[in-house]
Amino acid sequence: MTICLAVALLHAPDARAQGALEPASPPAVPRMEADPSAGMLDTGFHALYELKFKEAREQFLAYQKARPDDPLGKVAEAASYLFEQFNDKGVLTSEFFLNDDKFLGGVEGSAAENRNSNFLKANHEARAVAKKQVKSDPRDAHGLLVLTMTDGMESNYMAMIEKKQLPALSLMRQAESEANTLLGINPDEKDAYVALGMSNYVIGCLPGYKKAFLWFGGVHGDRNRGIQQMQSAAEHGHYLQPFAKILLALAYEREHQSERAHPLLVSLSDQFPANPIFARELELIDKKQAAHKR
């Protein structure tokens with residue numbers, strides 16, 4: 001029995017040796033959690049284009065809390081107030097865009113009645129932070145994008161809501177300058193083309209005598225160039241891509257090119273099914289095209 005026990009012990013694996021042969025457990029590596037703020041702006045803008053303004057602002061305010069030094073959150077909040085007002089006034093519809101009195105003259109009601117204090121406050125706060133960034137670094141593409149958006153939106157507000165056409169054109173020109181500077185630094189910032197496209201297109205749509213007056217003041221507009229610039233934003237933009245698409249579709253309708261507006265509206269309706277404006281504009285174009293085929 002002693003021999004058997006000795007043999008058993010001889011052939012039994014050494015527990016310590018066995019443990020030494022097993023691979024050691026890898027050291028614990030701290031997990032890097034993704035920045036939770038990364039998707040807030042995208043989620044907010046998607047809600048915005050579905051006309052869910054409260055939900056959009058919740059995302060933009062959450063982003064501001066997570067990234068207090070980034071003015072993009074504040075300018076997104078400003079955009080939500082202006083877009084909501086444009087929706088209430090029917091600005092982003094063919095009924096408004098195809099009517100020269102409205103498109104070039106602004107919404108119904110006085111400036112005092114239509115004053116949008118929330119938009120102005122948020123927009124001015126975003127501009128102030130962005131200006132500090134650009135003053136510190138003139139090649140700060142992020143700050144320049146925010147300035148392009150603040151000045152572009154406020155020029156639209158001045159023209160459509162306050163009906164101050166000349167000051168609006170001056171601010172539009174400033175946004176155009178900022179957009180050109182931004183694109184010179186980072187050509188991939190295609191959202192900047194929204195400001196450029198609107199500037200060229202709106203000025204290009206003005207009556208001849210007004211364009212001549214502006215020409216002597218150094219303000220020029222080109223409808224075709226404006227459409228090309230909006231096309232670039234509609235194809236390659238990010239936050240403002242859907243905005244560029246609806247502007248471009250409505251511009252095509254003004255130019256009697258409904259066949260080019262149609263695919264843009266199909267895309268918008270598919271991407272934002274909760275937005276009745278896109279569906280209605282698509283329905284109106286379908287009816288026009290059906291009537292022309294008869």
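Start by selecting two stretches of this predicted model: Tyr193, Val194, Leu196, Gly197, Met198, Asn200, Tyr201, Gly204 and Cys205 in helix 12, and Arg223, Arg225, Gly226, Ile227, Gln229, Met230, Ser232 and Ala233 in helix 14. Show them as sticks, and you have both sides of a helix-to-helix contact on screen. Colour these residues by type and you will find nine nonpolar, six polar and two charged.

Now switch to a cartoon view. Two packed helices are described by the angle between their axes and the distance between the axes. Helix 12 covers residues 192-205 and helix 14 covers residues 223-236; their axes lie 7 Å apart, at an angle of about 155 degrees. Angles over 145 degrees count as roughly antiparallel, so helix 12 is roughly antiparallel to helix 14. The crossing of this pair is left-handed.

Keep helix 14 on display and add helix 15, residues 241-254. Here the axes come within 8 Å and cross at roughly 140 degrees. Helix 14 and helix 15 are therefore oblique to each other. Their crossing is left-handed.

For the side chains at this second contact, select Ile227, Met230, Gln231, Ala233, Ala234, Glu235 and His236 on helix 14. Their partners on helix 15 are Gln241, Ala244, Lys245, Leu247, Leu248, Ala251 and Tyr252. By type, the residues of this contact divide into nine nonpolar, three polar and two charged. Look out for Ile227, Met230 and Ala233 of helix 14, which you have already met in the contact with helix 12 and which also take part in the contact with helix 15.

Next, select Phe243. What does Phe243 touch, leaving out residues up to four places away in sequence? Its contacts are Tyr49, Phe83, Leu92 and Val194. Val194 should be familiar from helix 12, where it was among the residues meeting helix 14.

Phe243 also leads you into the largest nonpolar core, which has 81 residues. Highlight Phe83, Phe103, Phe119, Phe243 and Leu247: these touch the most other members of the core. Then select helix 10, residues 141-162, which gives the most to this core, with 10 residues. Leu247 is worth a second look, as it is one of the helix 15 residues that meet helix 14.

Finally, zoom out to the whole protein. Its secondary structure comes to 17 helices and zero strands. Of its 294 residues, 49% are buried. Among contacts between residues at least 6 apart in sequence, 63% join residues at least 24 apart.

Methods:
Residues numbered from 1 in each chain as written. Predicted model: local features only at pLDDT ≥ 70, side-chain atom pairs only at ≥ 80, totals over all residues. Heavy atoms only, no water. Core = buried A, V, L, I, M, F, W, Y, C linked by side-chain atoms within 4.5 Å. Buried < 20%, exposed > 50% of the residue type's maximum accessible area, 1.4 Å probe, protein only. Helix = DSSP H or I, 4+ residues; strand = E, 2+ residues; numbered from the N terminus. Contact = heavy atoms within 4.5 Å. Axes fitted to C-alpha atoms, helices over the stretch in contact; angles between N-to-C directions. Parallel < 35°, antiparallel > 145°, perpendicular 65-115°, else oblique. Left-handed = near helix turned anticlockwise from the far one by under 90°. Nonpolar A, V, L, I, M, F, W, Y, C, P; charged D, E, K, R; others polar.
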